[in-house]
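Me: Please take a close look at one part of this model, namely its sheets and the elements that pack against them. I would like one connected account.

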Amino acid sequence: MNILKCENLTKSYGNVKALNEFSFTVPRGSITGLLGPNGAGKTTTLKIINGLITKYGGEVEIFGEKISPGNFSYRRKIGFVPEEFSLYEYMKGTEIIAFNGELTGKSGEKIIENLQSVFNLPLERKIATYSRGMRKLLSLYLALQTNPELLVLDEPTDGLDPIVRSKLFDFIFDYVARFKTTILFSSHILSEIERISDRVIFIKNGRRILEEDIDSLKENSALFVAKAKSGNAKIPGFVTYEEKDGFMEIRAIGNAKEVEEKLRDAGFEVVKKIPLTFEEIVVSYTEAYK
Ligand code: ATP
């Protein structure tokens with residue numbers, strides 16, 4: 001069952017189309033990585049889900065209900081770690097945790113204690129004095145304080161040093177195992193997505209390019225080099241198409257079975273089938289979809 005379903009999300013900022021009919025789902029209990037180049041539309045998507053952007057096209061269904069402007073009750077069940085956390089600068093860490101606890105009716109003492117035993121934030125200091133990494137961690141504290149059903153993380157490890165980053169992963173793995181929380185998170189770090197997610201959604205120029213289980217993506221993707229005397233194989237997202245030594249040469253990425261079939265149907269001879277690592281798959285898809 002899906003905990004989240006986004007259909008045809010469309011959002012423009014002036015002339016910039018940040019999202020262009022972007023559709024995807026997040027199954028309950030999954031860890032879904034949202035991946036895409038700078039400016040692809042990840043933050044815009046996560047803000048829509050969290051009710052921080054209310055003017056957009058398309059529909060969001062969350063916990064089985066369509067969200068509408070003004071109906072924010074669903075947000076109680078979401079924990080959100082935004083890209084930048086810069087609110088309540090004048091408060092101390094302890095104060096904002098108490099404030100969030102009162103606001104949501106959930107003090108989350110135990111989980112805050114657990115987080116503190118791992119990350120040891122200077123909670124007696126004012127937020128104004130926090131570094132970027134400390135702010136990220138503090139917003140994770142606030143997100144987990146309410147024991148959310150869905151945890152939405154926008155570049156959660158941005159600004160964290162490698163040791164804290166690794167601790168954060170361990171913590172999240174542990175947390176998910178205990179509470180069965182669903183996670184949707186964005187990141188630029190491919191190894192991070194590969195390590196933690198079981199599914200990946202790839203967005204570019206506001207459009208969905210790919211939505212698949214990581215294991216099946218790795219198992220089924222390949223890069224093909226194929227040639228024909230002349231011709232045109234209609235493969236979504238070919239990588240390159242060029243005339244070489246009197247032949248048309250195509251390099252195509254995608255589901256190996258489908259691509260191979262389409263190439264053959266179009267009269268192409270497969271010269272090379274190259275298995276790819278996760279990183280190579282992502283790079284090839286990024287190049288293939290302009
Ligand atoms: P990054 O990985 O760099 O954080 P992103 O995938 O999160 O990028 P968004 O921040 O959602 O991308 O931006 C999508 C597009 O919308 C970009 O072209 C961006 O410049 C534009 N955009 C986002 N916010 C605004 C805004 N407030 N005003 C104008 N344009 C915006």
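Reply: In this predicted model, six strands build an open sheet in the order S6-S7-S8-S3-S9-S10, and the pairing within that sheet is mixed (strands pair if DSSP finds at least two bridges between them; helices, H or I, of at least four residues and strands, E, of at least two are DSSP runs, numbered from the N terminus). Its edges are held by strand S6 (78–81) and strand S10 (207–213), each of which has a single partner strand, so one side of each is left without a neighbour in the sheet. Direction ignored, neighbouring strands of this sheet are turned by 15° against each other on average (axes are lines fitted to C-alpha atoms, for helices over the stretch in contact, and angles run from 0 to 180 degrees between N-to-C directions). At the S10 edge, strand S9 (residues 199–204) and S10 pair in the antiparallel sense over 6 bridges, and within this pairing Ile203 has Arg208 in S10 as its bridge partner. Helix H1 packs on this sheet, where it touches strand S3 (31–35), strand S7 (150–154), strand S8 (182–186) and S9, with a direction that makes about 150° with that of S7 (a contact requires C-beta atoms, placed from the backbone, within 7 Å).

Residues are numbered from 1 along each chain as its sequence is written. As the model is predicted, local features need pLDDT of at least 70 and side-chain atom pairs count only at pLDDT 80 or more, while totals for chains, interfaces and linings use all residues.

The other open sheet has 4 strands in the order S2-S1-S4-S5, with antiparallel pairing. Strand S2 (16–27) and strand S5 (65–66) stand at its edges with a single partner strand each, so one side of each has no neighbour in the sheet. Strand S1 (residues 2–13) pairs with S2 in the antiparallel sense over 8 bridges, and S1 is also joined to S4 by 5 bridges, again running antiparallel. Cys6 appears in both pairings, since it stands opposite Phe24 in S2 and opposite Val60 in S4. From S4 the sheet continues to S5 through 2 bridges, with the two strands antiparallel, and Ile62 has Glu65 in S5 as its bridge partner. The hairpin of S4 and S5 has 2 residues between the strands, and there Phe63 takes a positive phi near 50°.

H1 (residues 42–49) also lies across this second sheet, over S1, S2 and strand S4 (57–62), running at about 120° to S1. H1 takes part in the ligand site as well, where the surrounding residues are Tyr13, Val16, Ala18, Gly36, Asn38, Gly39, Ala40, Gly41, Lys42, Thr43 and Thr44 (residues whose C-beta atom, placed from the backbone, lies within 6 Å of the molecule). S2 and H1 each supply at least two residues of this shell, and the largest share, 3 residues, comes from H1. By class, the shell has 4 nonpolar, 6 polar and 1 charged residues (Ala, Val, Leu, Ile, Met, Phe, Trp, Tyr, Cys and Pro count as nonpolar, Asp, Glu, Lys and Arg as charged, and the others, Gly among them, as polar).

The remaining packing involves helix pairs. The axes of helix H3 (residues 109–119) and helix H4 (residues 132–145) come within 9 Å and cross at roughly 155°, which makes H3 roughly antiparallel to H4 (angles over 145 degrees count as roughly antiparallel, under 35 as roughly parallel, 65 to 115 as roughly perpendicular and the rest as oblique). In this pair, Ile111, Ile112, Leu115 and Phe119 of H3 meet Leu137, Tyr141, Leu144 and Gln145 of H4, and the residues of the contact divide into 7 nonpolar, 1 polar and no charged. Helix H2 (residues 93–104) packs with H4 at an angle of about 25°, their axes 10 Å apart, which makes H2 roughly parallel to H4. That contact is made by Gly93, Ile96, Ile97, Asn100 and Gly101 of H2 with Leu138, Tyr141, Leu142 and Gln145 of H4, and by class it has 5 nonpolar, 4 polar and no charged residues.

Methods: Contact = placed C-beta atoms within 7 Å.
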